[in-house]
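Colleague: Please take the aromatic and charged side chains of this model and go through them closely. I want the geometry, the burial and the surroundings of each group, with the cut-offs stated.

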Amino acid sequence: MKIFLADALTEPLEIQSLEAFFKQYLTWDYWEKKLPLIGNFAGRVLLAILVYIIASKLIHKICRLIVASMNRANADTGVIQFVSSFVKAALYFLLIVSIATSFGVKESSIAALLASSGVAIGLALQGGLSNLAGGVIILILRPFTIGDYIIENSGNQEGTVVKIDLFYTTLSTVDNRRITVPNGTLTNSSIVNVTAKDNRKLEIKVGISYQADLKRAKQILQDLLHEDKSIMSDEEMQVFVDELAADSVILGLRAWVKTEEYWATKWRLNEEIKLAFDEAGVEIPFPQLDVHIKEQ
């Protein structure tokens, strides 16, 4: 009976029998010779762990210095986050390669491994690579920045941008939920940047009955616009008949407000329009069906 075993510290040996195997490896003389090698290997492992811990702290410190320098240069927050993430990933990659070479792995072997597995990695990570490319595009073209409120139409996701990373952008919704959207999705779909401008045009439409006083209703809307403090009086204000619908006359108003005051102003005016129309006797109709029964 022949047993072929590979000694991790010597050349492969052919052992003729179990008895010879025990005599060769389970002796004090054998392990006495191997102990220095085992101790050396264990020492290198401990040193590698120590180097990794120290290098990790240095990497975090370098990233903090980069962030501080870019903040002093008034760089965009999204750019700062992206660059910091990229530098951190690159430094960790170099650290791992350095530790591997210290254990005898040749640089040429690492390069050959990366080259041979490049296609497989590219196919496996094609979604991640598209997200990385999307992050670069976002930082270059800047369709939105940190603090903007955006709407991503393909997935109906919306919220305030709080973070732009290498692969993902994080949004915070109005009810304080966090949404993580892949950068590739954002660059491949239409984005509505609600807060890109300081001012925003407010538009409200309301229907009145055909029997109501049209001029009186328009005057009420104009008065409400002029009285509201959030409406920008130096900008154009419009009150108009938008449509002669089947069951009502649709009136519309348009005015400019500060972007941050848009929703509060819209909700307030909707309530004031209803109260003012009720006080003036202007009816706001609702769809209804009149049924006439004709007796034979």
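Modeller: Burial is graded by relative accessible area: under 20% is buried, over 50% is exposed, and partly exposed lies in between (1.4 Å probe, protein chains only). Gln219, at a relative accessible area of 35%, is therefore partly exposed. The model is predicted, so local features need pLDDT of at least 70 and side-chain atom pairs need 80 or more, while totals for chains, interfaces and linings use all residues. Residues are numbered from 1 along each chain as its sequence is written, and side-chain values use heavy atoms, without hydrogens or water.

Some context for the chain comes before the details. The chain has 296 residues, and 29% of them count as buried. The chain contains 9 helices and 10 strands (DSSP runs numbered from the N terminus, H or I of at least four residues for helices, E of at least two for strands). Of the contacts (heavy atoms within 4.5 Å) between residues at least 6 apart in sequence, 60% join residues at least 24 apart.

Now the rings. Ring centres of Phe, Tyr and Trp (its six-membered ring) within 6.5 Å make a pair, with planes under 30 degrees apart stacked, over 60 edge-to-face and the rest tilted. This rule gives 3 aromatic pairs. In one of them, Tyr262 and Trp263, the centres are 5.1 Å apart and the planes stand at 90°, so the pair is edge-to-face. The rings of Trp263 and Trp267 have centres 5.8 Å apart and planes at 35°, so that pair is tilted. Tyr262, Trp263 and Trp267 together form one aromatic cluster. Both Trp263 and Trp267 belong to helix α9 (residues 262-280), where 4 residues, about one turn of the helix, separate them.

The members of the cluster fall into three grades of burial. With a relative accessibility of 8%, Tyr262 is buried. The value for Trp263 is 44%, so Trp263 is partly exposed. At 57%, Trp267 is exposed. There is also a charge to consider at Tyr262. Arg200 lies over the face of the Tyr262 ring, 3.7 Å from the ring centre (the rule asks for NZ of Lys or CZ of Arg within 6 Å of the centre and within 35 degrees of the ring normal).

How many salt bridges does a search of the whole structure find? The search finds 7 (a side-chain nitrogen of Lys or Arg within 4 Å of a carboxyl oxygen of Asp or Glu). One of them joins Arg177 and Asp175, whose closest N and O atoms are 3.0 Å apart. Arg177 is partly exposed, at a relative accessible area of 47%, and Asp175 is partly exposed with a value of 47%.

Other bridges belong to a network that links Glu203, Lys205, Asp242 and Arg254. Within the network, Glu203 and Lys205 form a salt bridge with their closest N and O atoms 3.8 Å apart. Lys205 also meets Asp242 in a salt bridge, at 3.3 Å from N to O. This second pair links distant parts of the chain, because Asp242 sits in strand β9 (residues 238-244) and Lys205 in strand β8 (residues 199-208), 37 residues apart. As for burial, Glu203 is partly exposed at 30% relative accessibility. Lys205 counts as partly exposed at 48%, and Asp242 is partly exposed at 32%.

Two further residues complete the picture. Asn131 is in helix α6 (residues 126-141) and is buried, its relative accessible area being 9%. Leaving aside residues up to four places away in sequence, Asn131 touches Leu166, Phe167, Tyr168, Pro182, Asn183, Gly184 and Thr185. Gln219, graded partly exposed at the start, is placed in helix α8 (residues 214-227). Gln219 and Val239 are 20 residues apart in sequence, and their C-alpha atoms are 8.6 Å apart in space.
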